[in-house]
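I opened this notebook to keep track of what I looked up in one structure, item by item. The entries go from the overall fold to single residues.

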Amino acid sequence: MNPDGLVYEPEFIAAADEAALLSEIRALPLEEARYREYTAKRRVAIFDAPPAFLVPLRERLADWLKLPSAMLSYTLVNEYRPGTALGWHRDSPEFESVAGLSLGTACRLRFRPWPHVKGRNGDALDLLLEPRSAYIMRGTVRWAWQHSVPAVKTLRYSITFRSART
Ligand SMILES: O=C(O)CCC(=O)C(=O)O
């Protein structure tokens, strides 16, 4: 059973829409994500206002979240090249709800209760994120669980939108 606040929807978009989004994303100036101490292999593009090609997607995801689309004020495009993982984390506390779309190749989105008890790896759950699927994370899964993305073998992209915490 999924943690509360996690919702998954396969085939959220059609294959033709995925192809159109991928060709727009390939033209974006992606940059390696910077953390305090190091630069990650994952490449990202971050927008306060989404570019025009992402506006309809933001609208749909906002409807799904039952939020006005303007509340999804942070847009993040992630590129995972083969071998790129995203480690265990909770999203920054400045954000509340998260909605994401997967493109390219499938990956696992892993969840484990937070705070994590060392050695309790059996508590982790896996959700398979198929290409063209979408997910929502809010509430319990957002605050009482961490998530991570193990490395993929072929190129994957995700587009995520976040609302600010009020
Ligand atoms: O690529 C994804 O779908 C997950 C992204 C993620 O975990 C994040 O941006 O915090």
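What follows is my set of entries on this structure, which is a predicted model.

**Entry 1, overall layout.** I began with the secondary structure and found 3 helices and 11 strands in the protein. Read from the N terminus, the elements come in the order β-α-β-β-α-β-β-β-β-β-β-α-β-β. The radius of gyration is 15 Å, close to the 15 Å that the globule rule gives for 166 residues, so the protein is as compact as a globular protein of that length. I also noted the extent of the C-alpha trace, which spans about 45 × 35 × 30 Å along the principal axes. Of the 166 residues, 30% count as buried. For the contacts, I took those between residues at least 6 apart in sequence, and of these 82% join residues at least 24 apart.

**Entry 2, the ligand shell.** Which residues are around the ligand? I listed Leu76, Asn78, Leu86, Asp91, Gly100, Ser102, His147, Val149, Ser158 and Thr160. Sorted by class, this shell holds 3 nonpolar, 6 polar and 1 charged residues. I then asked which strands each supply at least two residues of the shell. They are β4 (74-80), β6 (95-103), β10 (145-149) and β11 (156-164).

**Entry 3, strand β4.** Since β4 is one of the strands that supply the shell, I looked at its surroundings. In β4, 5 of the 7 residues are buried, so the strand is largely enclosed by the rest of the structure. Its pairing with β11 is antiparallel and consists of 7 bridges. Within my notes on this pair I recorded one position, where Tyr80 stands opposite Arg156 in β11.

**Entry 4, helix α2.** On which side of α2 do the buried residues lie, one side or several? In this helix, residues 55-65, the buried ones are Leu57, Arg58, Leu61 and Leu65. They cover an arc of only 100° around the axis, which puts them on the same side of α2. I went on to the face turned away from that buried side, and there I found the exposed residues Val55 and Asp63. The buried residues of α2 pack against β6, β9 (134-137) and β11, and of these strands β6 and β11 also appear among the suppliers of the ligand shell. Just after the helix comes Lys66, whose phi is positive, near 60°.

**Entry 5, Tyr135.** I picked Tyr135, which lies in strand β9, and asked whether its place is buried or exposed. Tyr135 is buried, because 23 other C-beta atoms lie within 10 Å, where 20 or more are needed. Leaving aside neighbours within four places in sequence, I found Tyr135 in contact with Leu6, Val7, Tyr8, Gly100 and Leu129; Gly100 is also one of the residues around the ligand. For a distance check I took Ala45, which is 90 residues from Tyr135 in sequence and 19 Å away in space, C-alpha to C-alpha.

**Entry 6, backbone angles in loops.** I next looked up Glu11, in the loop between β1 (6-9) and α1 (15-26). Its phi is near 50°, a positive value in a residue other than glycine. Glu11 counts as exposed, because it has 12 other C-beta atoms within 10 Å and the class takes in 12 or fewer. Arg132, in the loop between β8 and β9, has a phi near 80°, again a positive value in a residue other than glycine. Arg132, however, is buried, with 20 other C-beta atoms within 10 Å. I also noted a cis peptide bond between Trp114 and Pro115, with omega about 0°. Pro115 lies in the loop between β7 (107-113) and β8 (125-129).

**Entry 7, Phe53.** Last, I turned to Phe53, in the loop between β3 (39-47) and α2. How many C-beta neighbours does Phe53 have inside 10 Å? The number is 14, so Phe53 counts as partly exposed. The C-alpha atoms of Phe53 and Ala106, which are 53 residues apart along the chain, are separated by 23 Å.

Methods: Residues numbered from 1 in each chain as written. Predicted model: local features only at pLDDT ≥ 70, side-chain atom pairs only at ≥ 80, totals over all residues. Near = placed C-beta within 6 Å. Nonpolar A, V, L, I, M, F, W, Y, C, P; charged D, E, K, R; others polar. Arc of directions from axis to C-beta. Contact = placed C-beta atoms within 7 Å. Rg over C-alpha atoms; globule rule 2.2 N^0.38 Å. Pairing = 2+ DSSP bridges.
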